[in-house]
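Student: I am new to this fold and would like a guided tour. Can we go through it piece by piece?

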Amino acid sequence: CDTLLAINHEEIEQNIQQLLPITLYFHNDEPNPRSMDTTTTIDYKTTLQQYVKMIGIYQAEYSKGLKDKERGQAKQGIEDFFIQKVEYGLQLLDQVKQWLLIDLQQGNDVTMTVTGFASPLFSDKYNTNLSSRRIVSFENYICNQPEFKPYIGKTLHFIRQPKGKSLAAKYVSDNPNDKRNSVYSISAALERRIQLTEYQSIPSENKKYLSAVMLPAAKTITIKT
């Protein structure tokens with residue numbers, strides 16, 4: 001596998017930086033719909049698998065009421081979105097995952113920053129919490145795999161940035177009665193995402209240096225004779 005050739009710390013970080021931001025998409029109100037929780041036990045791949053199975057529903061709902069040519073274009077647009085955006089995002093994440101493991105195995109300290117977004121349906125607070133759950137599903141996908149467990153909370157860290165609907169495009173429908181546009185449209189689907197926005201890695205030799213310079217000054221002990 002070509003990704004395994006990146007065994008040098010600088011190469012790993014450079015390769016990952018070139019892919020950022022990596023965007024991952026969700027179905028409406030997933031994971032854990034109708035919840036105010038900020039966390040979840042569900043991992044991102046599980047939500048993705050369920051999401052991809054809904055492509056037929058998205059095509060039917062998004063093309064509803066359209067004439068022949070427009071209906072065909074709507075269905076093709078949905079298919080392109082799922083292939084080029086939804087499925088492609090996981091492919092990039094799995095590529096990063098391979099480099100991440102090598103980075104950690106070298107003793108380096110890694111911090112990943114993930115930003116969460118939502119479509120404009122529901123309240124600000126609800127969508128901020130939903131964004132948090134989406135970020136946690138990303139963390140679960142990494143942390144639930146046995147090879148990463150030794151590094152969790154030690155040399156592997158996450159920074160969560162839940163933005164909710166604050167940055168959603170103004171033209172996206174927030175009408176719950178207009179599901180074609182507020183749920184099944186491509187514009188709404190593009191808002192339901194998280195992004196791996198930053199990847200920071202401190203090499204093991206740098207950690208040793210930082211630890212040394214941050215040690216308190218040695219005390220001088222005078223022994224009376």
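Student: Which residue of E3 is the bridge partner of glycine 116?
Tutor: This is a predicted model, where local features need pLDDT of at least 70, side-chain atom pairs count only at pLDDT 80 or more, and totals for chains, interfaces and linings use all residues. Residues are numbered from 1 along each chain as its sequence is written, and side-chain values use heavy atoms, with hydrogens and water left out. Helices (H or I, at least four residues) and strands (E, at least two) are DSSP runs, numbered from the N terminus. In E3, glycine 116 has as its bridge partner proline 162.

Student: In which sense do E2 and E3 pair, parallel or antiparallel?
Tutor: Two strands pair if DSSP finds at least two bridges between them. E2 and E3 are joined over seven bridges. Their sense is parallel.

Student: How many bridges join E2 to E4?
Tutor: Strand E2 covers residues 109-116 and runs antiparallel to E4. One of the facing positions is threonine 111, opposite glutamine 200 in E4. The number of bridges joining E2 to E4 is eight.

Student: Which residue of E4 is the bridge partner of threonine 23?
Tutor: Strand E1 (residues 22-25) and strand E4 (residues 193-202) pair in the antiparallel sense over four bridges. The bridge partner of threonine 23 in E4 is glutamine 195.

Student: Which strands stand at the edges of the sheet?
Tutor: The sheet is open, its pairing is mixed, and its four strands follow the order E1-E4-E2-E3. Each edge strand has a single partner strand, so one side of each is left without a neighbour in the sheet. The edge strands are E1 and E3 (156-162).

Student: By how many degrees are neighbouring strands of this sheet turned against each other on average?
Tutor: Axes are lines fitted to C-alpha atoms, for helices over the stretch in contact, and angles run from 0 to 180 degrees between N-to-C directions. For this average, direction is ignored. The turn between neighbouring strands is 25°.

Student: Which strands does helix H1 touch?
Tutor: Contact means heavy atoms within 4.5 Å. Helix H1 (residues 9-19) packs on the sheet, and its direction makes about 160° with that of E4. The strands H1 touches are E1 and E4.

Student: Across which strands does helix H5 lie?
Tutor: Helix H5 spans residues 124-143. H5 runs at about 160° to E3. The strands it lies across are E1, E2, E3 and E4.

Student: How are H2 and H4 oriented to each other?
Tutor: The axes of helix H2 (residues 44-52) and helix H4 (residues 68-105) come within 11 Å and cross at roughly 165°. Angles under 35 degrees count as roughly parallel, over 145 as roughly antiparallel, 65 to 115 as roughly perpendicular and the rest as oblique. That makes H2, with respect to H4, roughly antiparallel.

Student: Which hand does the crossing of H2 and H4 have, left or right?
Tutor: A crossing is left-handed if the near helix is turned anticlockwise from the far one by less than a right angle, and right-handed if clockwise. For H2 and H4, the crossing is left-handed.

Student: How many residues in the contact of H2 with H4 are nonpolar?
Tutor: Tyr44, Lys45, Leu48, Tyr51 and Val52 in H2 meet Phe81, Phe82, Val86, Glu87 and Leu90 in H4. Ala, Val, Leu, Ile, Met, Phe, Trp, Tyr, Cys and Pro count as nonpolar, Asp, Glu, Lys and Arg as charged, and the others, Gly among them, as polar. In this contact no residue is polar, two are charged, and the nonpolar ones number eight.

Student: How are H4 and H5 oriented to each other?
Tutor: H4 and H5 pack with their axes 11 Å apart, at an angle of about 50°. H4 and H5 are therefore oblique.

Student: What kind of aromatic pair do tyrosine 25 and phenylalanine 81 form?
Tutor: Rings of Phe, Tyr and Trp (its six-membered ring) pair if their centres lie within 6.5 Å; planes under 30 degrees apart count as stacked, over 60 as edge-to-face and the rest as tilted. This rule gives nine aromatic pairs. For tyrosine 25 and phenylalanine 81, the centres are 5.4 Å apart and the planes stand at 70°, making the pair edge-to-face.

Student: What is the peptide bond from glutamate 30 to proline 31, cis or trans?
Tutor: Proline 31 sits in the loop between E1 and H2. The bond from glutamate 30 has omega near 0°, and it is cis.
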